[in-house]
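Me: I would like to go through this structure and ask how each label is earned. Please set the values against the cut-offs.

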Amino acid sequence: MASTSNPLTLPVLPLDDEVVLPGMVVPLDLNDPDVRAAVEAAQAAARRQEGPGRSPDDEGRWSGDGRAGKPRVLLVPRIDGTYAGIGVLGTVEQVGRLADGDPGALIRARRRIKIGAGTTGPGAALWVEGTQVDDSAPDPLPGQVAELVKEYKALATSWLRKRGAWQVVDRVQQIDEVGALADNSGYSPFLSTEQKVELLETTDPVARLKLAIQWLGEHLAEQDVAESIAKDVQEGVDKQQREFLLRRQLEAVRKELRELNGEQDGEESDDYRARVEAADLPEKVQEAALKEVDKLERSSDQSPEGSWIRTWLDTVLELPWNERTEDAYDIQGAKAVLDAEHAGLDDVKERITEYLAVRKRRTDRGLGVVGGRRGGAVLALVGPPGVGKTSLGESVAHAMGRKFVRVALGGVRDEAEIRGHRRTYVGALPGRIVRAIKEAGSMNPVVLLDEIDKVGSDFRGDPAAALLEVLDPAQNHTFRDHYLEVELDLSDVVFLATANVLEAIPEALLDRMDLVRLDGYTEDEKVVIARDHLLPRQLERSGLNGDEVTVEEDALRKLAGEYTREAGVRNLERAITRVLRKVAAQHELGDRELPFTVGADDLRDLIGRPHHVPESAQDPAERRTAVPGVATGLAVTGAGGDVLFVEASLADPETGAAGLTLTGQLGDVMKESAQIALSFLRSHGAELELPVADLKDRGVHIHFPAGAVPKDGPSAGITMTTALASLLSGRLVRTDVAMTGEVSLTGRVLPIGGVKQKLLAAHRAGVTTVIIPKRNEADLDDVPAEVLQKLDVHPVTDVRQVLELALAPASNGAQVEVPVAA
Ligand SMILES: Nc1ncnc2c1ncn2[C@@H]1O[C@H](COP(=O)(O)OP(=O)(O)OP(=O)(O)O)[C@@H](O)[C@H]1O
């Protein structure tokens with residue numbers, strides 16, 4: 001270590017408003033007279049000392065070889081003409097040309113010198129005496145100082161990295177001396193001259209390092225703030241400009257692509273902006289659409305978002321926003337259309353005509369379509385399949401001169417089916433209502449909500465609630481589809497609904513509806529429908545004409561009665577199709593001469609044997625009711641009225657379980673009804689002369705064979721009682737008798753629903769005697785006269801009357817074998 005005790009005499013090299021700290025190497029311009037004087041004086045002094053006189057070398061050591069060191073100067077900052085109190089010993093490393101070609105000297109700054117008194121020396125330089133400053137730090141470093149070293153290195157590294165000065169990072173990392181480390185900030189461009197002077201004059205190395213850390217830290221913080229501000233500003237300013245530029249580029253790229261693909265410039269397919277502007281959309285819709293166009297233009301051609309937006313825009317553009325058909329109908333004309341397209345159904349047509357008349361009056365008078373009246377907004381056609389509900393809906397549209405669309409609701413469980421998926425949903429679509437309007441191509445079509453009784457609800461929401469909104473005149477002028485997101489005015493749409501089963505229509509919807517029932521057709525009606533509508537249509541479809549093939553009424557009657565058994569005419573129409581196809585095929589093969597008239601007897605040859613021979617026409621031994629314990633009931637199922645056979649048997653006393661077993665997919669109400677039948681017989685069996693003892697200790701099994709499972713209801717009560725009574729008494733149930741009615745514990749016969757449908761079914765099945773509850777007598781008014789004529793209807797009040805009518809007399813008193821369940 002150098003000691004401070006050796007005064008040095010050195011030429012002063014003044015640095016105007018500049019500071020050089022130990023460790024730095026600086027080039028100085030020799031054109032500067034002060035610099036030249038100092039360097040030349042130092043060189044002269046060095047030469048002189050090459051003699052025998054010795055002085056310490058540059059490192060402060062006395063060199064043993066007698067050679068003096070490099071020329072030495074004292075670098076002293078001169079701030080505003082005033083010299084600093086401390087200078088730095090510098091050695092002249094090299095004299096030559098600087099980068100700019102001027103003569104210069106390369107000087108290495110070595111250590112601090114405290115400046116003492118002035119003195120004289122050779123040359124024009126100012127000479128002073130100085131003493132070395134001891135600025136060594138304790139070794140080893142106290143922990144605290146070591147931390148400072150680390151901190152400085154970390155700060156310096158981060159700053160240097162920011163500036164990309166990677167090489168310097170290593171050098172700084174390698175400086176271990178505290179004072180030298182602090183002096184390294186002499187290179188920092190952000191320090192002011194004053195700050196550098198302060199560093200120079202702070203001789204305590206630790207204090208110096210602290211200063212360096214403080215300033216470097218401050219600078220870094222400042223820089224961070226400045227950077228983020230600059231970034232923000234830059235981003236703000238640039239965004240618009242960038243967007244503009246990018247759009248321009250995008251446009252150019254798109255254009256090139258179009259040209260590559262041989263499309264015309266500005267082809268309609270992609271120019272959504274122009275299309276939206278040209279499409280006469282309602283203001284709000286256009287606004288929304290243009291917003292999407294903006295988004296589209298910003299998104300890339302290939303991005304999924306772009307394709308979603310295009311799909312959405314297509315949907316919006318395809319909707320018939322301003323299309324509406326002119327209602328051109330008078331009630332007479334409407335009625336004529338209905339009559340022409342459907343045979344029979346007089347009451348139904350009357351209801352529809354009334355509905356149209358009210359609607360027309362209200363619109364003509366400029367009153368809203370339905371005004372404040374709740375319910376009645378929607379005409380609901382309720383009845384079994386194939387009775388013409390859908391085709392009536394279509395006729396209504398014809399009659400009004402409106403477009404017609406059918407919306408199939410069967411199996412819809414998801415609210416989104418009605419109201420659309422939100423657009424964020426992958427593969428989102430508008431709901432069925434919007435799709436229907438699109439399909440109709442007008443804003444005021446007739447929309448038939450088909451099978452409204454078959455909408456269900458589950459975790460995906462309640463479609464019925466959405467439908468309610470669609471049907472509500474107070475809400476539907478601003479219907480919002482989740483996908484479309486713009487309002488749609490549905491107030492001018494005529495909604496009709498169809499349902500098979502009234503009970504299955506959600507309550508809230510039912511409340512909005514005007515019900516029109518279609519219960520099914522009689523055989524005569526079916527013949528007329530077949531003759532006037534189904535046959536001509538199917539002839540045309542088979543490529544035949546009426547001159548070539550005629551079908552006799554007898555044949556149509558047989559097709560309706562024996563080849564099909566249904567409330568409606570759907571299967572009848574199919575049967576007719578089969579007959580015609582067969583004839584056409586035979587003709588093509590040369591096996592059939594035309595014209596040809598199909599008679600009842602030709603049917604078997606053409607389409608095989610009938611499947612629905614009435615029970616009474618069967619061989620007696622083949623009849624369902626050929627054994628005791630089977631009774632014929634009447635029920636209403638989803639397919640209209642039907643006959644069903646209830647079977648009862650007693651369980652084996654040894655193995656069978658006691659109690660009541662019911663099979664055949666029955667609901668709770670039906671089970672209770674069976675329980676009541678059983679209880680009634682247990683308590684009244686004796687008085688009816690039935691061996692009811694068996695009922696006490698043997699299990700009873702009641703079965704409803706598959707095929708005609710009625711909807712849950714109590715109307716099979718008297719049928720079950722009759723089957724059980726037949727079983728116990730061994731008396732057969734009369735084949736020609738069918739029945740319907742609820743039974744009470746005391747044996748009273750209680751009223752039921754669906755009389756008309758049930759009687760039509762009984763008639764179809766060839767039953768001749770029907771037992772109904774007395775209290776349903778009034779319902780007979782609805783039953784077509786031709787059916788009543790052919791049926792012997794017995795309204796009863798007590799189950800004893802039922803048994804009297806239904807059970808055949810005991811066959812010559814012989815013991816009848818009671819069937820036993822397996
Ligand atoms: N009274 C009628 N006059 C003329 N054609 C009829 C009549 N009733 C039904 N039809 C015809 O029978 C066919 C079946 O009718 P449609 O499809 O309308 O029945 P639906 O009651 O709507 O059945 P679903 O409930 O299964 O939809 C249609 O072709 C229809 O034209």
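**Strands and sheets**

Reply: Start with one pair of residues: L449 has A497 of β13 opposite it. Keep in mind throughout that this is a predicted model.

Me: What makes β10 and β13 a pair of strands?

Reply: Pairing requires at least two bridges between two strands. Strand β10 (residues 446-450) and strand β13 (residues 494-499) are joined by four bridges, so they count as paired. The two run parallel.

Me: Which sheet has the order that includes β10 and β13?

Reply: An open sheet of five strands, ordered β9-β10-β13-β8-β14 with parallel pairing. From one strand to the next, the twist averages 25°.

Me: Why are β9 and β14 said to stand at the edges?

Reply: β9 (404-408) and β14 (513-517) each have a single partner strand, so each has one side without a neighbour in the sheet. Helix α12 (residues 389-400) lies across β8 (378-382), β9, β10 and β13, and runs at about 170° to β10.

Me: How do you know that β3 and β5 pair?

Reply: By the same rule of at least two bridges. Strand β3 (residues 72-79) and strand β5 (residues 86-97) share four bridges, so they pass, and their sense is antiparallel. V73 stands opposite G90 in β5.

Me: How many bridges link β5 to β6?

Reply: Eleven bridges, again in the antiparallel sense, with β6 covering residues 103-119. One of the bridge partners is A105 in β6, which faces V95. β5 and β6 form a hairpin with five residues between them, and G101 in the turn has a positive phi of about 95°.

**Unusual backbone angles**

Me: What makes D80 worth pointing out?

Reply: Most residues other than glycine have a negative phi, and most peptide bonds are trans. D80 is not a glycine, yet its phi is positive, about 50°. D80 sits in the loop between β3 and β4 (82-83).

Me: Is D80 called buried or exposed, and why?

Reply: A residue is exposed if 12 or fewer other C-beta atoms lie within 10 Å of its own. D80 has 7, so D80 is exposed.

Me: What is the phi of E451, and why is E451 called buried?

Reply: Phi of E451 is near 60°, a positive value in a residue other than glycine. E451 lies in the loop between β10 and α15 (463-471). The cut-off for buried is 20 or more other C-beta atoms within 10 Å. E451 has 22, so E451 is buried.

Me: Where is there a cis peptide bond?

Reply: Between L594 and P595, where omega is about -5°. P595 belongs to the loop between α19 and β16 (596-598).

**A pair of helices**

Me: Why is α18 called oblique to α19?

Reply: The axes of helix α18 (residues 553-563) and helix α19 (residues 570-588) come within 10 Å and cross at roughly 125°. Angles of 65 to 115 degrees count as roughly perpendicular, and those over 145 as roughly antiparallel. The crossing angle falls between these two ranges, so α18 is oblique to α19. The crossing is right-handed. L559, A560 and Y563 in α18 meet L572, A575 and I576 in α19.

**The annotated positions**

Me: Which residues carry the feature "active site" in UniProt?

Reply: S715 and K758, according to an unreviewed UniProt entry. They span 44 residues in sequence, but their C-alpha atoms are no more than 10.9 Å apart, so they gather at one spot.

Me: What makes S715 and K758 buried?

Reply: Buried needs 20 or more C-beta neighbours within 10 Å. S715 has 30, so S715 counts as buried. K758 also has 30, so K758 is buried by that rule. S715 is in the loop between β20 (700-703) and α23 (717-729), whereas K758 is in helix α24 (residues 755-764).

Me: What do S715 and K758 touch?

Reply: Leaving out residues within four places in sequence, the contacts of S715 are A635, T740, G741, E742 and I752. With that exclusion, K758 touches L634, V636, G641 and T740.

Me: How do you know that V770 is buried?

Reply: V770 has 26 other C-beta atoms within 10 Å, and the cut-off is 20, so V770 is buried. V770 is part of strand β24 (residues 769-773). V770 and L634 are 136 residues apart in sequence, with 8.9 Å between their C-alpha atoms.

Terms used
Residues numbered from 1 in each chain as written. Predicted model: local features only at pLDDT ≥ 70, side-chain atom pairs only at ≥ 80, totals over all residues. UniProt positions renumbered as here; feature names shortened; annotations may be inferred. Contact = placed C-beta atoms within 7 Å. Axes fitted to C-alpha atoms, helices over the stretch in contact; angles between N-to-C directions. Parallel < 35°, antiparallel > 145°, perpendicular 65-115°, else oblique. Left-handed = near helix turned anticlockwise from the far one by under 90°.
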